[in-house]
Amino acid sequence: MFELKWLWKNLEGNRARYILALCLSVIGSSLMIVNPFLTQRIVDNFIVGEDAMQNLANERELLILLCLGMVGFTLLRSGLAYLTMMQYEHASQNMLYNVRIFLYNKIQGQDKEYFDRNRTGDLMTRMTGDLDMVRHTIAWIVKTIIESLTIFAVAVGYFFYIDAVLTWWLLILAPPIFITSFFFARRVRPMYVSLRERLSQLNSAAQENIAANRVIKAFAREDYEIEKFHERNANYQKANKAAALVWLDYFPYLETFAQAFSVILMIAGGLFVMEDRITFGEYAAFSALIWAISNPMRSIGMIINDIQRFFASLAKIVEVYYATPRIANKRLAETKRRYEGSIRFDHVTFKYDSVSVLHDVSFTVHPGETVAIMGPTGAGKTTIVNLIPRFYDVTSGHVFIDGVDVRKLDLDELRSNIGIATQDVLLFSDTIDGNVAFGDPELSEEDTKRYAKLAAADDFIRKMPEGYDTIIGERGVGLSGGQKQRLALSRAMAVQRPILILDDTTSAVDLETEEHIQNSLNKLDTGCTKIIIAQRVSTTAKADRILILDGGRVIEEGTHAELLARRGYYYEVFMLQNEGLERQVTAGGKE
Amino acid sequence: MARNKFDIDENLESPFDIRHFKRALVYIKQQKRPMIIALVLSVLSAGIGLTAPLIMQHVVDVTIPEKEVGALFGWSALMLLTIVVSVILAAIRGRIMTSVGQDIIFEIRSDLFKHLQALPFKYYDDRPQGKIMIRVVNYVNSVSDVLSNGIINFIMEILNLVFIAVFMFAVDYRLALVILAGLPVFAAFLLLIKNRQRRSWQSVSNKSSNLNAYMQESISGIGVTQIFTREDRNEGIFTRLATNFRTEWIKAIHYNAMIPFTVDNLATIVTTMIYVVGLLVLSPAEVTFGVILAMSSYAARFWQPILNLSNLYNGFINAVAYLERIFETLDEPVTIKDAPGAKELPPVQGRVTFDHVTFGYDAGNHVLENLSFDVKPGESIALVGPTGAGKTTVVNLISRFYDVTGGRILVDGHNISEATLQSLRSQMGIMLQDSFIFSGTIMDNIRYGRLDATEDEIIAAAKTVRADDFIREFENGYMTEVNERGSKLSQGQRQLISFARTLLADPRILILDEATSSIDAKTERLLQQGMNELLKGRTSFIIAHRLSTVRGCDRIMYVSNKGIAESGSHDELIAKRGLYYKLYTAQKMEAV
């Protein structure tokens, strides 16, 4: 069975421990059956036996010994039970730990497309509730199954030893129990699949609501959100009830069958005693152990219930577990090289969801050059940025770095050669220092400050209550757009990669600050190739070359002066942005 | 409390006491009736269950020895009947309690969510999102069983215990005392480990919260991680967090495992003491063998409920670690709320007045000081100035995302802190720096601005902000599914959609906070034409760096130094050759 194989595979490193736990379970539950015999001896010898009075007078030591034996035996048995439980816990926690880290790495290795399709809340459900179900299975369900089986087997074996016919009579109840369980399993399975789905939806709703808290307040949409969440909450509640009700549909039958073992014993055993087939003592032995047959039968329903839940959860985990990203690191490079930094787009076309984003784009950036890209919203500027570190792969054409197609480069090496300050600034809930040094955690304190200064961030950081040790909120909440951009910029500069891409990174900073940043960029000690996406002429003017992108095509290319002379898109933007200033800007930028 | 991050445990200020459980009673009380019915059913079912041993006894003692075959079938039928009846009762109880348990957690989750909606930005800013989420979903799920079946079972076991104790004392009080002697020992043991066990489970909840927070942030920040090739490092951090969780779990579960161990041994010791005391200490004249036999079986039956209770106790201790987190969140003060007796703000004209406003995010650290200005209805105001000067703060105060520290803000002469939040914010359109896209269609995303807007109105709004063109280019047009992080939309397109959303709200007061920073100059120009019409008759506050956006405003305020340093129209300020002039020309000159 696939599920069992999967569990076994992931128990690697803990298999010995787990087998030990299973063995301990078997021993422990066998002892459960042995235990009452000691009590029986005390009762027989000292209380109800014929020579009880005599024994009591003469063999006090034996009584004390038997009592001590009982205590010692219980100590052993309960100690064993403790040990067993801890073995299961250790093994299941270790497995949980391994799978969790494996899945974490799996998720980290997925390409952008994967995250376009999978919602955070859903992935989180897999990493929390679903994983816990796996842990529960290993630590609890399997344990229950083994212990029930052992007790059942030992009891049935013992019963056969006493009287086979009576045992067969008792076992008459097993088939109806199995059949009922089978139908139950079939009916409850889809319930858990849907319950699991509802949980994921609930999680996604909560997650999105928390992430959107500012927008919600801005539109005073709290009531609407509550209503929306209420629906998910109610759906989840209903699914929970529905699954439980299926169980409750079958529970009466299973429970009645399980308890009917005593009734069968009473009729069949009673008749056998009357016919002198078995003795009273044998009947009593059956009666004393009948729980060992009925209890395991009783737990079949609960076990099946939990197993179906486990299946539903595992199916979701396995999706992540075996997901293979289209863009993955094939580990081509032994050691990471530092690239020269030349970039060439060769007839690149890119489609996203069958919508064309880039058509036949070609351009070259030489090492150390600065190229600016400008163009209307949705023209494909960020897509160009995404193709270089292979967040997506081209639909046709090639992207070359240092003359090699990026798809032939080691992904890790490729990305280690690129520094990007993305348009959607994403900072982490960490100290400012930790955020700037994100790409290079070993960065010294002075260097952190130096890069912050280069990005014109030092001033505002120092004004913060705890300076560089101030913890910022997740995604950088609480900082202004300009502040976030400057932190992202220092983060990108701090890694000193041969290719630096700035995707509209200064749109929210004022011009004075931007000028400071531009000077810094020119002064970076390690020469690097720069691609700067910007909407402002002030940002693009000094670039070696400017590309104008429109509708996924390069429509203009040249220096500031050349493009102004062309009187095309760039010129229009230039005029728009300088309009109203007292002094007209006539010529400028690079010749 | 300082801001929290993924690897900082959240300390709980209040020590544990029974109060947490008492608070949970509020939810349980709503289910009083079904719970009482369930309890009665349980008692009945248990009572009927008690007849089975009596029947068996009788069959063994009388029916079988006397070979009454007919009676044997009769008794068996009766026993089957008692089984069927008690199973039916149990099934009904099951139905009731499933409902009760689910309803309780539904209510708790609803309350928690409602409260979260009322909490200010600061709450969300101060902790990772994953830590909030785990409370709403996972923690609430964890307490369901304890608060429903746990309580009924608890009562049942106690009843059981009392019953057996009464029987024991009726039979022989001396031996009964021997059996009870184990209890103080057990109680002492529980007391001994109680604090440690509880702290351990608290720690488990903390570690799982940390793990969750980091996981969640890793997913949302995946792009940055990949570009900085931080995967290995992140794995290290995640491994550390997972190790912490595992360590704490093992520690906590070890206490749980110790409890049945203790009960088991105490029960056995007590039973053997019955034999020792009954047989060796007391003389046969004082206790008959029958009594000893009965008492030894009572000992086992007395300690079984205790074992069950201690399992419930384990579950309870575990649940408290989650309950206290839930209640802690419910206790989080709602700082920005309707003042007592707050009035609905009537439909406003849009006059906005700052009257000696002082504000600081932290006490003693003022961002704005003694700021006063007056904006006439329909006037458009541009706020400019260095980043971090307080431009966003000014607009945040108008929409009352924060309360002023001193002074007051008036809208149409009404003090906003005396108006209801709903009536204030619903008349404002606020477009924030981060344009959030909800998962759903583009249509739904725009409709968020006005829930009852028709499709035509939505399309009209999209046309006004020049979003219509690109939306139609998608295969499914307005019905294209988008989400928070998806790459279908460029940053500029996101801004346009959220712009359309804001316009659809048809607000009297419009606030645009860097709303157009990612939109290209030409689109912005086109947008401006539609906008000019729209701005007419609306008071607007616009924060922007781009001159082209700022220039068209009626008045420009240069925010710096905790107040407004310059104010006037574009031409006036350029002529003044002050800060504004410097901001927009100094750099230009050099580029030329």
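**Note on the predicted model: strands, helices and cores**

1. In the hairpin formed by S11(B) and S12(B), two residues lie between the strands, and Asn561(B) there adopts a positive phi near 55 degrees. Strand S11 (residues 555-560) and strand S12 (residues 563-568) of chain B run antiparallel and are joined by five bridges, with Val559(B) opposite Ile564(B) of S12(B). Strands (E, at least two residues) and helices (H or I, at least four) are DSSP runs numbered from the N terminus, and two strands pair if DSSP finds at least two bridges between them.

2. The model is predicted: local features need pLDDT of at least 70, side-chain atom pairs count only at pLDDT 80 or more, and totals for chains, interfaces and linings use all residues. Residues are numbered from 1 along each chain as its sequence is written, chains are lettered from A and ligands numbered from 1 in the order in which they are written, and side-chain values use heavy atoms, with hydrogens and water left out.

3. Strand S3 (residues 380-384) of chain B is mostly covered, with five of its five residues buried (under 20% relative accessible area, against over 50% for exposed and in between for partly exposed; 1.4 Å probe, protein chains only). From S3(B), Ser380(B), Ala382(B) and Val384(B) point one way, while Ile381(B) and Leu383(B) point the other way. S3(B) runs parallel to strand S10 (residues 539-543) of chain B, joined by four bridges, and Ser380(B) has Ser540(B) as its bridge partner there. Four bridges also join S3(B) to S11(B), again in parallel; Ala382(B) is partnered by Ile556(B).

4. Chain B also holds an open, antiparallel sheet of four strands in the order S2-S1-S4-S5. Its edge strands, S2 (368-375) and S5 (414-415), each pair on one side only. Strand S1 (residues 352-359) of chain B is joined to S2(B) by five bridges, and Val357(B) has Leu371(B) as its partner.

5. In helix H1 (residues 19-29) of chain B, the buried residues are His20(B), Phe21(B), Ala24(B), Tyr27(B) and Ile28(B). Viewed down the axis of H1(B), they fall within an arc of 100 degrees and so line one face; the arc is that of the directions from the helix axis to the C-beta atoms. Arg19(B), Lys22(B) and Lys29(B) are exposed on the other side. The buried residues of H1(B) pack against helices H2 (32-63), H3 (69-118), H5 (129-171) and H10 (289-331) of chain B, contact being heavy atoms within 4.5 Å.

6. Thr329(B) lies in helix H10 of chain B and counts as buried because its relative accessibility is 2%. Neighbours within four places in sequence aside, Thr329(B) is in contact with Leu112(B), His115(B), Leu116(B), Tyr123(B) and Arg135(B).

7. The largest nonpolar core (buried Ala, Val, Leu, Ile, Met, Phe, Trp, Tyr and Cys residues joined through side-chain atoms within 4.5 Å) has 212 residues, and Trp6(A) and Trp303(B) have the most contacts inside it. Helix H9 (residues 231-281) of chain B gives the largest share of this core, 23 residues. Apart from this core lies another, of 63 residues, including Tyr352(A), Ala437(A), Leu489(A) and Ile533(A). Not counting residues up to four places away in sequence, Trp303(B) touches Ile179(B), Gly182(B), Leu183(B), Phe186(B), Val263(B), Leu266(B), Ala267(B) and Val270(B).
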